[in-house]
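Colleague: I should like to learn how a model of this kind is read, feature by feature. Could we go through it together?

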Amino acid sequence: MTTQAQQSSIQTEVVVDAPVDRAFRLFTEQFDKIKPREHNMLAVDIAESVFEPRAGGRVYDRGVDGTECQWARVLAYEPPERIVFTWDISPQWQIETDLDRASEVEVRFVAESPERTRVELEHRHLDRHGEGWEGLREGVGGANGWPLYLGRFAEQVAAVE
């Protein structure tokens with residue numbers, strides 16, 4: 001796995017032993033097993049994290065009490081090549097209510113062979129968040145950010161073989 005931060009975006013990637021269509025499907029359908037429960041903006045524990053598999057869908061956490069916290073909107077859903085969603089979380093790690101201040105996350109699934117897929121993640125336009133965006137870049141690019149998610153994704157791919 002590699003991570004690189006430059007300007008107002010971060011890039012990270014992982015290679016998994018799975019066909020591209022299976023890797024794409026596992027990322028979206030098993031997102032609940034990829035997103036750490038401690039990454040929580042609800043007042044209660046997370047019961048599940050949901051990635052709605054369509055353009056116009058939502059990415060949200062549902063609490064054990066049924067409350068929801070939507071923190072992203074799906075902009076593009078193009079199986080098995082890519083997904084793009086917004087990052088509606090401010091530099092203060094709160095829900096961003098001004099959607100013009102949201103950044104974007106693009107995840108590409110590239111077949112390296114019939115049984116091997118490179119998953120490339122780019123979190124871009126972080127400067128749209130305004131003051132403090134550099135700290136947000138450090139957070140999402142750091143060990144507890146997208147590299148953690150892709151590591152958990154790789155573990156999930158290996159576990160369901």
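Modeller: The discussion below takes confidence first, then the core, the pocket, one lysine and the backbone.

Colleague: How far may the coordinates be trusted, and what is the average pLDDT of the protein?

Modeller: Where pLDDT is low, the predicted coordinates should not be read in detail. This is a predicted model, and its average pLDDT is 94, with 96% of the residues scoring at least 70. Residues 2–6 stay under 50, and the model has 12 contacts beyond four places in sequence for them. Those contacts of residues 2–6 call for caution.

Colleague: Which residues of the largest nonpolar core touch the most other members?

Modeller: A core of this kind is built from buried nonpolar residues joined through side-chain atoms within 4.5 Å. Here the largest one has 34 residues, and those that touch the most other members are Phe 27, Phe 85, Val 107, Phe 109, Trp 146 and Phe 153. Phe 109 shows how such a residue is connected: beyond four places in sequence, its contacts include Val 20, Ala 23, Phe 24 and Phe 27, four residues that are listed among the buried ones of α1. Other contacts of Phe 109 include Pro 80, Ile 83 and Val 119.

Colleague: Is helix α1 mostly covered or mostly open?

Modeller: To judge a helix, one counts its buried residues, those under 20% relative accessible area. Helix α1, residues 20–29, is mostly covered, as 7 of its 10 residues are buried. The buried set is not restricted to nonpolar side chains, for Arg 22 and Thr 28 belong to it.

Colleague: What volume does the largest pocket have, and which residues lie nearest its centre?

Modeller: One reads a pocket through its volume and its lining. The volume of the largest pocket is about 220 Å³. Its lining comprises 15 residues, and His 39, Trp 87, Ile 89, Trp 93 and Tyr 149 lie nearest the centre. Helices α3 (133–141) and α4 (146–159) each contribute at least two residues to the lining.

Colleague: Why does Lys 35 count as buried?

Modeller: The cut-off for a buried residue is 20% relative accessible area. Lys 35 counts as buried because its relative accessibility is 3%. This lysine is located in the loop between α2 (31–34) and β3 (46–51). A polar atom of the Lys 35 side chain lies 2.4 Å from the backbone oxygen of His 39. Beyond four places in sequence, Lys 35 is in contact with Ile 46, Ser 49, Asp 61, Trp 71, Tyr 149 and Arg 152. Both His 39 and Tyr 149 also appear among the residues nearest the centre of the largest pocket.

Colleague: Which backbone features deserve inspection?

Modeller: Most residues other than glycine have a negative phi, and most peptide bonds are trans. Pro 79 and Pro 80 are joined by a cis peptide bond, with omega about -5°; Pro 80 is in the loop between β5 (68–78) and β6 (82–87). Trp 93 has a positive phi, near 60°, and is placed in the loop between β6 and β7 (103–113). Its relative accessibility is 38%, so Trp 93 counts as partly exposed. His 125 likewise has a phi near 60°, and is found in the loop between β8 (116–124) and α3.

Colleague: How many residues apart in sequence are Gly 132 and Pro 91?

Modeller: Separation in sequence and distance in space are to be read together. Gly 132 and Pro 91 are 41 residues apart in sequence, yet their C-alpha atoms are 5.6 Å apart. Gly 132 lies in the loop between β8 and α3, and counts as partly exposed because its relative accessibility is 32%.

Terms used:
Residues numbered from 1 in each chain as written. Predicted model: local features only at pLDDT ≥ 70, side-chain atom pairs only at ≥ 80, totals over all residues. Heavy atoms only, no water. Buried < 20%, exposed > 50% of the residue type's maximum accessible area, 1.4 Å probe, protein only. Polar contact = N/O pair within 3.5 Å; in protein donor to acceptor, adjacent residues only side chain to side chain. Contact = heavy atoms within 4.5 Å. pLDDT = per-residue confidence, 0-100. 1 Å grid on protein atoms, 1.4 Å probe; cavity = no way out; pocket = protein on both sides within 12 Å on 5 of 7 lines; lining within 4 Å. Points joined across faces, edges and corners; volume = space filled by probe spheres on them.
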